[in-house]
Structure formats: structure tokens, C-alpha cells
Amino acid sequence: MKGAILVVNAGSSSLKFQVFTIEDSALIRKIRGQLDGIGVRPHLRATASDGAVILDRSYGPKEVPDLPAAIAETRSWLRTLEGLQLRAIGHRVVHGGPDFAAPVLIDDAILDRLAEYQDLAPLHQPNNLAPIRLAMQINPDVPQVACFDTAFHRDHPQVADRYAIPRAYYDEGVRRYGFHGLSYEYVAERLREIAPQAAAGRVIVAHLGSGASMCAIRAGRSVESTMGFTALDGLPMGTRPGQVDPGVVLYLISQRGMSADQVTDLFYRGSGLKGLSGISSDMRELLASDAPEAAFAIDHFAYRCGLNAGMLAAALGGLDAFVFTAGIGENSAPIRARIAQTLGWLGVEMDPKANAAGATLISTPASRVAVHVIPTDEELMIARHTLALIEPEGAPT
């Protein structure tokens with residue numbers, strides 16, 4: 001195998017990775033894999049670029065009890081790959097704070113700085129940084145690159161990113177950052193290939209998955225996002241509530257006697273679709289359920305998506321295209337249809353057959369707003385950024 005870039009996306013219960021080879025400054029995806037069910041039912045699976053299964057292995061809970069063990073197990077398997085010459089490792093890091101507006105080569109000082117943002121993304125940041133620390137110990141000579149979910153939104157004007165609180169807090173970094181930026185960056189580039197005229201105009205991209213947000217994009221650049229200081233804001237998500245009046249937090253602390261840790265746990269792990277339904281955080285399970293609580297959670301999700309789309313359309317001054325992406329957006333025709341219904345006033349007209357078939361273009365010819373489904377590829381964006389930093393003279397493709 002030729003010189004390669006390893007892309008790592010670490011979460012609390014899963015470790016996703018991909019291997020790209022570098023061939024004449026081009027990136028060729030060779031392997032994609034995931035070790036999920038960490039600590040419960042660990043399962044490591046890897047496939048080749050043609051979909052052929054390379055590895056499919058299950059473990060006992062005690063064999064892979066936590067993320068460090070998952071990293072070590074994945075590393076052990078990668079070392080068995082013949083001819084793998086690792087040139088660099090690219091990492092998804094959710095929060096770049098006020099200091100990082102672009103991908104960066106990691107050193108000890110930068111790693112310490114990124115650790116300061118762990119409280120702003122407690123579900124993600126600690127897990128994002130864990131494999132970086134381990135790789136620095138094991139392979140200190142291999143360059144590592146951090147790619148930030150906040151970076152794509154950093155060009156917003158202050159009028160969009162400031163909260164209506166004293167300026168001193170903004171200067172300290174309390175501002176609206178926005179997230180899912182690697183996904184939005186990829187979709188914006190892909191839309192230029194699929195529909196260049198729409199990509200040059202006013203676009204809303206809906207990244208709908210376990211984590212969910214929307215982004216207003218004008219001519220390929222982020223204008224506004226539904227997420228803010230943390231990844232709690234905006235749309236309801238699998239276990240996160242989305243937009244909540246700050247007074248609710250004050251009430252929970254002052255009247256209900258909840259601690260900061262208890263409120264954190266409620267908002268990050270016990271709210272959203274899970275909290276609304278009392279059944280599941282998984283949209284697929286809710287769609288399959290006959291329970292009225294499941295139907296209500298779906299109604300709430302679609303309503304809030306439509307409401308936030310109206311806000312973003314206002315920020316853009318109109319709308320030329322709407323794009324669905326991520327797990328729910330790419331795979332759930334019923335949810336796409338529900339959200340499209342709320343956008344009729346903007347000129348959205350859905351083609352039911354195209355939507356059911358999962359076509360790339362799912363709006364009718366008469367629709368004033370083109371509606372697309374574009375699978376996201378955050379790992380490819382990370383690989384591109386990583387290659388650009390280690391080979392600045394060669395443009396990644």
C-alpha cells in the first residue's frame with residue numbers, strides 16, 4: 001500500500017476510521033471501518049473501497065471496555081496491513097473555539113488549548129482528543145491534523161455571532177460558533193458539481209442525524225447556523241433538546257435544585273427525541289412505533305426544522321435550493337416529506353416518487369426551490385485538509 005492518510009472520528013461508543021492512499025497528490029479511499037458498541041457489544045468491521053468485507057470481528061465487553069482500548073485494538077489491526085506507510089493522521093475535532101478557524105498541525109500546546117473546550121462539547125471533544133494523545137505517544141513522528149466542525153462558520157459577521165450580552169463575554173469566546181462544518185463544507189463543494197447555478201445562490205443544508213443542525217450558505221460560504229455556543233442549540237436531536245429558553249436552566253437550578261452536572265446530563269443525554277417520546281432517540285424506531293408519544297416527537301422535529309428553515313431563509317433573503325444530508329436526511333423519505341410540507345410557502349414542491357426512490361433531485365420541475373439529497377463525506381474533507389497541510393504544493397483531489 002502506498003503512502004496513506006488515516007482519518008479518525010472518535011465518539012463515546014464508537015471509533016470510525018478510513019484509510020486513503022496518496023497517489024499523484026490524489027486521495028484514493030481504500031478502507032472504511034468502525035469499532036462500535038464499545039463496552040457493551042464491541043464489534044470491529046472494515047470494508048474495502050468496493051464494499052468487500054476485510055474484517056468482521058466481535059469482542060466481549062471486557063476486551064474493549066473503553067475508547068482507549070478501542071483505539072489500541074484498531075491500531076493493532078491496522079499494523080497488520082501489508083505495506084501501509086502512514087504519512088499523517090487527520091482527526092475530526094468538534095470545537096475549535098475562537099482560536100482555530102482552519103485545520104492545523106497538532107503539537108502539545110495546541111492539544112492543551114483544545115482541551116480547554118471540553119466543557120463546550122462534552123459528548124465529543126474528550127473523545128476527539130483521546131486518539132490524538134495516544135498517537136502522539138506511540139507515533140510521535142507521524143504528523144497529526146485537527147479539522148474543526150466550527151471552522152466553516154468562522155466568517156460570520158459579529159451581528160450574526162454575538163449574543164446580546166456585554167462585549168467582554170464575546171471577547172472571552174462566548175459567541176455563536178455553529179457546528180457540522182466539515183459536513184457543510186463537503187456538501188457545498190458537491191453541490192457545485194451537481195447544480196452549479198444553485199450552489200452559486202442561496203442554499204439551506206439540513207444535516208439531520210443523531211446530531212442535527214441547519215446552515216444557510218450563500219455562494220458556498222456559511223452565513224448563519226442553527227447551532228450556537230455549544231452543540232445543544234437549534235434543532236431537537238437524538239438526545240439533545242435544541243433551542244431552550246435560558247430561563248429553563250435557571251429554573252432547574254434554582255427551583256428544582258439540580259446541579260450543573262445534572263442539567264448537563266439532562267440536556268446532552270436525556271432530551272431531544274428520547275426525552276419527547278420516552279421511547280428512543282433513533283428516528284427509525286420512532287417511525288416504526290404506533291405510540292402517540294413517538295408520533296409527537298416526529299411532529300415536533302419536523303415543526304422545528306420548518307421553523308428554523310424560515311429563519312435561515314430570512315438570513316439569506318430568499319432561497320434557491322434546499323439540501324438534505326446525514327443519516328436521517330439521506331435515508332428517511334418520510335421525514336424529508338414532512339419537512340418539505342413545512343416549506344411550501346417558500347416554493348418547495350416535492351416529487352413523491354423521486355423522494356421515495358432516494359433520488360439526488362427530489363423536487364418537481366415546477367418547484368421554485370430545488371430540493372436535493374446529497375450524502376455527506378466528512379472523512380474525505382478531513383483527508384483533503386490533512387493532505388493540504390502535509391503536502392502544501394500538491395492540491396488534493
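Which residue's side chain is joined to that of Arg29 by a polar contact of 2.5 Å? In this predicted model, the partner is Asp377, whose side chain meets that of Arg29 at that distance. The pair also satisfies the rule for a salt bridge, with the closest N and O atoms of Asp377 and Arg29 lying 2.5 Å apart.

The surroundings of Arg29 are a useful place to begin. Arg29 belongs to strand β3, which runs over residues 26-36, and with a relative accessibility of 19% Arg29 counts as buried, because the limit for that class is under 20%. A second polar contact, again of 2.5 Å, connects the side chain of Arg29 with that of Gln18. When residues up to four places away in sequence are set aside, the residues that Arg29 touches are Gln18, Val19, Phe20, Ser49, Asp377 and Leu380.

From this residue the view can be widened to the domains. The protein is divided into domain 1, covering 2-148, and domain 2, covering 196-378. The contact between these domains draws eight residues from domain 1 and nine residues from domain 2, while their centres, taken over C-alpha atoms, are separated by 27 Å.

The size of an interface is often expressed as the accessible area that is lost when the parts come together. Between domain 1 and domain 2 the buried area is about 720 Å², and carbon and sulfur atoms give 55% of this area. On the side of domain 1, Leu120, Pro122 and Leu123 supply 58% of the area buried against domain 2, which is more than any other three residues supply.

Polar and charged groups also take part in this interface. Across the interface of domain 1 and domain 2 the rule finds one salt bridge, and the count of residue pairs in polar contact between the two domains, with both residues at pLDDT 80 or more, is two. Sorted by class, the side of domain 1 that touches domain 2 comprises four nonpolar, two polar and two charged residues.

A search of the whole structure, beyond the interface, finds 16 salt bridges. One of them is formed by the side chains of Arg45 and Asp56, with an N to O distance of 2.8 Å. Arg45 lies in strand β4 (residues 43-48) and Asp56 in strand β5 (residues 53-58), so this pair ties together parts that are 11 residues apart in sequence. Both partners are partly exposed, Arg45 at 36% relative accessibility and Asp56 with a relative accessible area of 46%.

A longer separation in sequence is found for Arg221 and Asp155, which are 66 residues apart and link distant parts of the chain. Their side chains meet in a salt bridge of 2.2 Å, N to O. Arg221 is in strand β11 (residues 221-225), whereas Asp155 is in the loop between β8 (144-148) and α4 (158-161). Asp155 is exposed, with a relative accessible area of 53%.

Within a helix, the side chains of Arg167 and Asp171 meet in a salt bridge of 2.8 Å, N to O. Because they are four residues apart in helix α5 (residues 167-171), Arg167 and Asp171 are separated by about one helical turn. Arg167 is partly exposed, its relative accessible area being 41%. Elsewhere, salt bridges that share partners join Asp99, Arg113 and Glu116 into one network.

How values were computed:
Residues are numbered from 1 along each chain as its sequence is written. This is a predicted model: local features need pLDDT of at least 70, side-chain atom pairs count only at pLDDT 80 or more; totals for chains, interfaces and linings use all residues. Side-chain values use heavy atoms; hydrogens and water are left out. Domain bounds come from an automatic or database domain assignment. Contact means heavy atoms within 4.5 Å. Buried area is the accessible area (1.4 Å probe) that two parts lose on being put together, summed over both. A salt bridge is a side-chain nitrogen of Lys or Arg within 4 Å of a carboxyl oxygen of Asp or Glu. A polar contact is a pair of N or O atoms within 3.5 Å; within protein, one must be able to donate a hydrogen and the other to accept it, and residues adjacent in sequence count only if both atoms are side-chain atoms. Ala, Val, Leu, Ile, Met, Phe, Trp, Tyr, Cys and Pro count as nonpolar, Asp, Glu, Lys and Arg as charged, and the others, Gly among them, as polar. Helices (H or I, at least four residues) and strands (E, at least two) are DSSP runs, numbered from the N terminus. Buried means under 20% relative accessible area, exposed over 50%, partly exposed in between (1.4 Å probe, protein chains only).
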